[in-house]
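Please open the structure in a viewer and keep the selection panel at hand. The tour below proceeds stop by stop, giving a selection and then a description of what is found there.

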Amino acid sequence: MRHAHTVEQVRAAEAELMAKLPEGTLMQRAATGLAVAISNFLGGTYGARVVLLIGSGDNGGDALYAGANLARRGAQVTAVLLSDKAHAGGLEALKVAGGRVGSTDDIPIADVVVDGIVGIGGRPGLRPDALAAVQVAERYGVPIVAVDTPSGVDVDTGATPEPHVNAALTVTFGTHKICHFVDPAATACGPVHLVDIGLDLPPAEAQALQAADIRALYPVPHGESDKYSRGVLGLMVGSTQYPGAAVIATAGALAGPVGMVRYVGPDAVASAVREAHPEVVGDGRVQAWTIGSGLGDELDIPRIRELLDADEPVVLDADGLKALDDSGDHVDVLITPHAGELSRLLGVDRATVEAERLKYARLAAETFDVTVLLKGATTVIASPDGEVRINTNATPWLATAGAGDVLAGLCGALLAGGLTPLDAASAGAYLHAAAANLASDGGPLTAITVAQALPEATRRLLN
């Protein structure tokens with residue numbers, strides 16, 4: 001499991017550790033890890049041309065000491081000072097090691113630019129001189145390695161309201177930050193390399209579950225299992241307008257851990273579902289519901305609200321979200337909106353939701369007392385009690401019609417298998433993305449191919 005902490009949490013942990021260590025020890029730890037990561041990124045150090053963009057404060061100090069380390073190993077290191085308050089000790093160390101102070105004219109011929117402009121305490125956006133330097137690197141295609149976080153992003157929210165660095169690699173210290181997990185800033189980070197500097201941290205603000213965590217959650221049948229004990233899922237999805245949604249959501253459900261799937265819907269759609277999936281049966285007792293995908297004009301809001309108030313947990317997707325209100329106890333409800341659907345629920349612009357995905361996922365979870373799975377390049381999962389999980393393993397090819405129907409069916413199967421809404425959302429998002437990576441193999445995919453890849457993705461996870 002990867003953990004992300006807030007700026008305040010990191011600052012407090014750093015202060016506590018620095019009080020126990022000789023002055024400068026923490027910066028040296030960070031700089032050493034940064035230098036090693038840059039060397040690995042370059043594939044070697046000797047003769048490499050490295051340009052450091054240096055602002056004021058400790059972030060610039062980390063970059064300068066790392067630059068000194070690289071210079072001692074044969075790199076040609078130049079610092080571009082963007083502040084008259086550059087870290088004095090780091091600058092002196094760089095000069096002693098053979099580095100020099102230069103200008104943005106050095107950027108076009110560099111092998112790498114190191115973003116030491118601002119650290120985790122910086123505000124969104126870049127000052128004009130910093131932005132100009134970054135734009136030179138972008139113009140000449142010079143990759144940027146960000147120190148801790150890309151300068152200009154909002155570290156605690158993942159928002160990018162102003163111009164910012166787009167890094168080819170981010171090297172962070174002590175723990176991940178929210179912006180490493182949550183888009184749009186997560187995309188600006190590129191791959192993130194974590195350097196352990198010995199921080200003693202409190203519980204994380206957000207978590208990103210990994211394969212071992214999902215493996216531990218997955219409801220694997222045992223020798224005494226039968227189709228009922230494995231879970232029975234009811235599907236109220238699809239319509240005469242959108243029959244494919246029912247077929248696709250059913251495929252996602254059957255690829256999950258349930259022992260039986262029941263379909264409830266128009267006869268013509270039920271026939272299409274059973275033709276594609278003959279193991280599906282009709283109405284009856286269930287352990288969970290998936291409701292909403294492709295209901296279209298056949299949406300029955302009173303019936304859905306009746307099910308929301310019943311004892312069985314519910315996945316509420318797509319058109320079914322129109323039945324959600326902010327009254328009643330919905331703690332066993334998982335909603336799976338994309339940004340547009342969440343914006344309609346909350347009465348805000350879609351662009352606003354996309355810019356601050358974590359904020360609005362949390363707001364929806366609190367407002368409606370539900371677990372929210374906000375779909376996107378990074379999936380944000382927020383529970384009513386404030387716990388946040390982020391899924392980061394998806395491929396952009398997953399942005400295709402019907403993929404959300406597969407996810408809704410899979411999450412319903414996980415609910416029926418006994419997982420909580422938070423765990424079902426976490427496991428569902430992870431496996432959905434893993435299956436998409438298999439189905440895509442670097443190219444286009446369809447929703448059905450994602451569903452068909454789910455069993456293999458699950459086998460790889462469990463074995």
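Angles under 35 degrees count as roughly parallel, over 145 as roughly antiparallel, 65 to 115 as roughly perpendicular and the rest as oblique. The axes themselves are lines fitted to C-alpha atoms, for helices over the stretch in contact, and angles run from 0 to 180 degrees between N-to-C directions. Helices (H or I, at least four residues) and strands (E, at least two) are DSSP runs, numbered from the N terminus.

The model is a predicted one, in which local features need pLDDT of at least 70, side-chain atom pairs count only at pLDDT 80 or more, and totals for chains, interfaces and linings use all residues. Residues are numbered from 1 along each chain as its sequence is written, and side-chain values use heavy atoms, with hydrogens and water left out.

**First stop: helices α15, α16 and α17**

Select residues 403-416, which form α15, together with residues 421-440, which form α16. Their axes cross at roughly 135° and come within 9 Å; α15 and α16 are therefore oblique to each other. The crossing is right-handed, a term used if the near helix is turned clockwise from the far one by less than a right angle, with left-handed for anticlockwise. On the α15 side, the contact (heavy atoms within 4.5 Å) is made by Ala403, Val406, Leu407, Leu410, Cys411, Leu414 and Leu415. On the α16 side, the participants include Pro421, Ala424, Gly428, Leu431 and His432. The residues of this contact divide into 13 nonpolar, 2 polar and no charged. Here Ala, Val, Leu, Ile, Met, Phe, Trp, Tyr, Cys and Pro count as nonpolar, Asp, Glu, Lys and Arg as charged, and the others, Gly among them, as polar.

Now add α17, residues 447-462. How do α15 and α17 lie to each other? The axes of α15 and α17 come within 8 Å and cross at roughly 30°, and the two helices are therefore roughly parallel to each other. Here too α15 passes α17 in a right-handed crossing. Display the side chains of Ala403, Val406 and Leu410 in α15, which meet Ala447, Val450, Ala451 and Leu454 in α17. This contact comprises 7 nonpolar residues, no polar and no charged.

**Second stop: the open sheet**

Two strands pair if DSSP finds at least two bridges between them. Select the open sheet of 7 strands, whose order is β4-β3-β2-β5-β6-β7-β9, with parallel pairing. Strands β4 (100-101) and β9 (192-195) stand at the edges, each with a single partner strand, so one side of each is left without a neighbour in the sheet. Helix α2 (residues 25-42) packs on the sheet and touches β2 (49-54), β5, β6, β7 and β9; its direction makes about 160° with that of β7.

Within the sheet, centre the view on β6, residues 144-147. Ile144 and Ala146 point one way, Val145 and Val147 the other way, and all are buried, that is, under 20% relative accessible area, whereas exposed means over 50% and partly exposed in between (1.4 Å probe, protein chains only). Strand β5 (residues 112-116) is joined to β6 by 3 bridges and runs parallel to it; valine 113 stands opposite isoleucine 144. With β7 (residues 169-173), β6 pairs in the parallel sense over 3 bridges, and valine 147 stands opposite valine 171.

**Third stop: loop residues**

Follow the chain from β6 into the loop before β7, where aspartate 148 is located. Its phi is positive, about 75°, although the residue is not a glycine. Aspartate 148 is buried, with a relative accessible area of 7%.

Next select serine 56, in the loop between β2 and α3 (58-72). At 40% relative accessibility, serine 56 counts as partly exposed. Not counting residues up to four places away in sequence, serine 56 touches Ser83, Lys85 and Ile117.

Proline 184 lies in the loop between α6 (178-181) and α7 (185-189). Inspect the peptide bond that joins aspartate 183 and proline 184: it is cis, with omega about 10°.

**Last stop: strand β16 and its partners**

Select β16, residues 371-374. Thr371 and Leu373 on one side and Val372 and Leu374 on the other are all buried. Strand β15 (residues 333-335) runs parallel to β16 and is joined to it by 2 bridges; isoleucine 335 has valine 372 as its bridge partner. Strand β17 (residues 379-382) runs antiparallel to β16, with 3 bridges between them. β16 and β17 form a hairpin with 4 residues between them, and leucine 374 stands opposite valine 380.
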